[in-house]
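Me: I'd like a close look at a single part of this model, along with whatever surrounds it. Could you pick one stretch and walk me through it at a bench biochemist's pace?

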Amino acid sequence: DPTSVNIAIQDSTNNPTAVQGLMESLQEKGYSRVYVDNDWHEPLTVTKIVAQKGDDISATEVQAALGFGEVVVESTGSLASDITIQIGQDFLNN
């Protein structure tokens, strides 16, 4: 259920418009618990959809809804979230 997933967004592109665009896209797809976290200071070419707490099913659903990015299971990003999306350059090319 998209309404129960906490999603943190971290920008690695230094582009505030990307953050706003991603938030709007997620909200249009039913994800209502989305917030902006601190920027990710390592530039990424591919957006990382980080499955916090090993929830790769929810992360894969987010990836399918967005149509880009790679799912990774690791403890990076906003550890308090269910999913952390670290925006990469591929988002800007969509």
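Reply: Happy to. A term to start with: two strands count as paired if DSSP finds at least two bridges between them. With that in hand, let's take strand β3, residues 48–51, which is joined to β4 by 3 bridges, the two strands running parallel. Please keep in mind throughout that this is a predicted model.

Let's go along that parallel pairing residue by residue. K48 of β3 has E70 as its bridge partner in β4. I49 has V71 as its bridge partner in β4. I49 also has a bridge partner in β5, namely I85. That brings in the other pairing of β3: 4 bridges join β3 to β5, and these two strands run antiparallel.

Now step back to the whole sheet. It is open and mixed, with 5 strands in the order β2-β1-β5-β3-β4. β2 (34–36) and β4 (70–72) each have a single partner strand and stand at the edges, so each has one side without a neighbour in the sheet. On average, neighbouring strands are turned by 25° against each other, direction ignored.

What about the two faces of β3? In a regular strand, side chains alternate between the two faces of the sheet. In β3, K48 and V50 are on one side, while I49 and A51 are on the other. All four of these residues are buried, and both faces of the strand are covered.

One element lying across β3 is helix α2, residues 56–66. This helix also lies across β1, β4 and β5, and it runs at about 155° to β3. Put β3, α2 and β4 together and you have a β-α-β unit, which is right-handed. In the loop between β3 and α2 sits K53. The phi of K53 is near 60°, a positive value in a residue other than glycine. K53 counts as exposed because its relative accessible area is 61%, and exposed means over 50%.

The other helix to know is α1, residues 16–28, which lies across β1 (7–11), β2 and β5 (83–87). Helix α1 runs at about 160° to β1.

These elements come together in the nonpolar core. As a rule, nonpolar side chains in soluble globular proteins tend to be buried together. Here the largest nonpolar core has 20 residues, and those with the most contacts inside it are I7, I9, L22, L26, V62, L66 and I85. You met I85 above as the β5 bridge partner of I49. β3 is among the elements that give two or more residues to this core, together with β1, α1, α2 and β5. The biggest contribution comes from α1, with 5 residues. For a feel of the packing, look at I7: leaving aside neighbours within four places in sequence, I7 is in contact with residues including L26, V62 and I85.

Next, turn to D82, which is found in the loop between β4 and β5. Once neighbours within four places in sequence are set aside, D82 has contacts that include V50 and A51, as well as Q52 and K53. The contacts of D82 also include S4, V5 and N6. With N6 there is a polar contact to look for: the side chain of D82 reaches the backbone nitrogen of N6 at 2.8 Å. At 23% relative accessibility, D82 counts as partly exposed.

Finally, it is worth visiting S12, in the loop between β1 and α1. S12 counts as buried because its relative accessibility is 11%, and buried means under 20%. A polar atom of the S12 side chain lies 3.1 Å from the backbone nitrogen of L44. The backbone oxygen of I87 lies 2.6 Å from a polar atom of that S12 side chain. Beyond neighbours within four places in sequence, the contacts of S12 include W40, P43 and G88. Also in the loop between β1 and α1 is N14, which is exposed, with a relative accessible area of 68%. N14 has a positive phi of about 60° although it is not a glycine.

To return to where we began: β3 is bridged to β4 in parallel and to β5 in antiparallel fashion, and both of its faces are covered.

Technical notes
Residues are numbered from 1 along each chain as its sequence is written. This is a predicted model: local features need pLDDT of at least 70, side-chain atom pairs count only at pLDDT 80 or more; totals for chains, interfaces and linings use all residues. Side-chain values use heavy atoms; hydrogens and water are left out. Axes are lines fitted to C-alpha atoms, for helices over the stretch in contact, and angles run from 0 to 180 degrees between N-to-C directions. Contact means heavy atoms within 4.5 Å. Buried means under 20% relative accessible area, exposed over 50%, partly exposed in between (1.4 Å probe, protein chains only). A crossover is right-handed if, with the strands pointing away from the viewer, the path from the first strand over the helix to the second runs clockwise. A polar contact is a pair of N or O atoms within 3.5 Å; within protein, one must be able to donate a hydrogen and the other to accept it, and residues adjacent in sequence count only if both atoms are side-chain atoms. A nonpolar core is a set of buried Ala, Val, Leu, Ile, Met, Phe, Trp, Tyr and Cys residues joined through side-chain atoms within 4.5 Å.
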